[in-house]
Amino acid sequence: VGAYNLLVNRNLTSSLTPNLVKWQKNSLLFNRIYNTFPGTTRSHIPIHTGGKTITWGNIQDEMQYEYTGATLTKSLKKKNYSTALFSTHFLEYGELLNWYKQQEFDLIVNPDSLPENFVKKHHLNSWGIAEEAVVDTMNQWIKNYNSTQPFFIEFMNNGTHHPYSVPPQFKPHLKAENNIQKHQKAIQYIDSLIGLTIEILRKKGILENTIICISGDHGQAFGKRH
């Protein structure tokens with residue numbers, strides 16, 4: 001999801017992301033962040049390092065080398081954070097799993113590691129499984145968390161990636177006839193899941209002590225520049 005897909009006149013809209021709009025008074029909106037490469041793995045690297053990304057060579061070859069610099073997760077672990085990654089898409093693609101294993105997460109939940117019958121039950125498309133299944137697992141993890149350590153969670157969705165799939169029971173506010181509308185429907189769906197997670201944090205009594213960062217990795221251009 002890029003700014004072209006999410007913002008109208010550089011602002012959120014209640015028709016597309018009502019949950020984000022609800023919380024924007026408590027938020028900072030960064031609408032001038034630019035990606036350096038329109039590819040998944042090459043976008044996740046600078047998100048976690050705050051630095052440059054790989055723009056040369058074959059990603060399969062480059063990702064065989066260990067990254068020895070500072071990363072977000074490793075830095076938080078040094079501050080005694082518990083860390084977990086919940087992904088709805090298969091991380092084997094583009095060596096993403098290789099990258100995330102280097103981040104030393106305490107827990108990684110993704111379709112590659114889940115039981116086969118669970119993955120079949122919640123199959124969404126070739127990229128991964130339905131978001132709500134993983135969000136339920138993540139929210140249960142939050143509910144059961146009783147350590148005095150602070151925690152860092154990364155949730156990675158796939159519904160906003162082509163072919164823009166959402167579960168059939170989700171009823172969007174907008175029509176979904178062409179690819180742009182299907183993409184907007186997927187954004188609405190992810191926004192609803194963000195709302196669910198915020199409610200879990202509120203009920204647990206830790207929302208006011210939690211920072212939530214929402215970011216795309218690279219946009220969907222639909223004929224416009226990313």
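Visitor: How are helices H8 and H9 oriented to each other, roughly parallel or roughly perpendicular?

Guide: One compares the directions of the two helix axes, and angles under 35 degrees count as roughly parallel. In this predicted model, H8 (residues 131–144) and H9 (residues 179–204) pack at an angle of about 10°. H8 and H9 are therefore roughly parallel to each other. Their axes lie 10 Å apart.

Visitor: Which residues in H8 meet residues in H9?

Guide: A helix contact is read as two lists, one for each partner. H8 contributes Glu131, Glu132, Val135, Met138, Asn139, Ile142 and Lys143. From H9 come Tyr189, Ile190, Leu193, Leu196, Thr197, Ile200, Leu201 and Lys204. By character, the residues of this contact comprise nine nonpolar, two polar and four charged.

Visitor: I turn now to the strands. What is the order of the strands in the open sheet?

Guide: Strand order follows from the pairing of each strand with its neighbours. Here three strands form an open sheet in the order E2-E1-E5, and the pairing is parallel. E2 and E5 are the edge strands, each of them pairing on one side only. On average, neighbouring strands of this sheet are turned by 10° against each other, with direction ignored.

Visitor: How many bridges join E1 to E5, and how many join E1 to E2?

Guide: Bridges are counted separately for each pair of strands. E1 (residues 82–87) is joined to E5 (residues 151–156) by six bridges, whereas three bridges join E1 to E2 (residues 107–109). Ala84 illustrates both pairings: its bridge partner is Ile153 in E5 and Leu107 in E2. The chain passes from E1 to E2 through helix H6 (residues 96–101), and this β-α-β crossover is right-handed. Returning to the pairing with E5, Phe86 has Phe155 as its bridge partner in that strand.

Visitor: Are the two faces of E1 covered or exposed?

Guide: For a strand, one reads the residues of each side in turn, and a residue under 20% relative accessible area counts as buried. E1 is mostly covered, with six of its six residues buried. One side carries Ser82, Ala84 and Phe86, and the other carries Thr83, Leu85 and Ser87; all of these are buried, and both faces are thus covered.

Note on methods. Residues are numbered from 1 along each chain as its sequence is written. This is a predicted model: local features need pLDDT of at least 70, side-chain atom pairs count only at pLDDT 80 or more; totals for chains, interfaces and linings use all residues. Side-chain values use heavy atoms; hydrogens and water are left out. Axes are lines fitted to C-alpha atoms, for helices over the stretch in contact, and angles run from 0 to 180 degrees between N-to-C directions. Helices (H or I, at least four residues) and strands (E, at least two) are DSSP runs, numbered from the N terminus. Angles under 35 degrees count as roughly parallel, over 145 as roughly antiparallel, 65 to 115 as roughly perpendicular and the rest as oblique. Contact means heavy atoms within 4.5 Å. Ala, Val, Leu, Ile, Met, Phe, Trp, Tyr, Cys and Pro count as nonpolar, Asp, Glu, Lys and Arg as charged, and the others, Gly among them, as polar. Buried means under 20% relative accessible area, exposed over 50%, partly exposed in between (1.4 Å probe, protein chains only). Two strands pair if DSSP finds at least two bridges between them. A crossover is right-handed if, with the strands pointing away from the viewer, the path from the first strand over the helix to the second runs clockwise.
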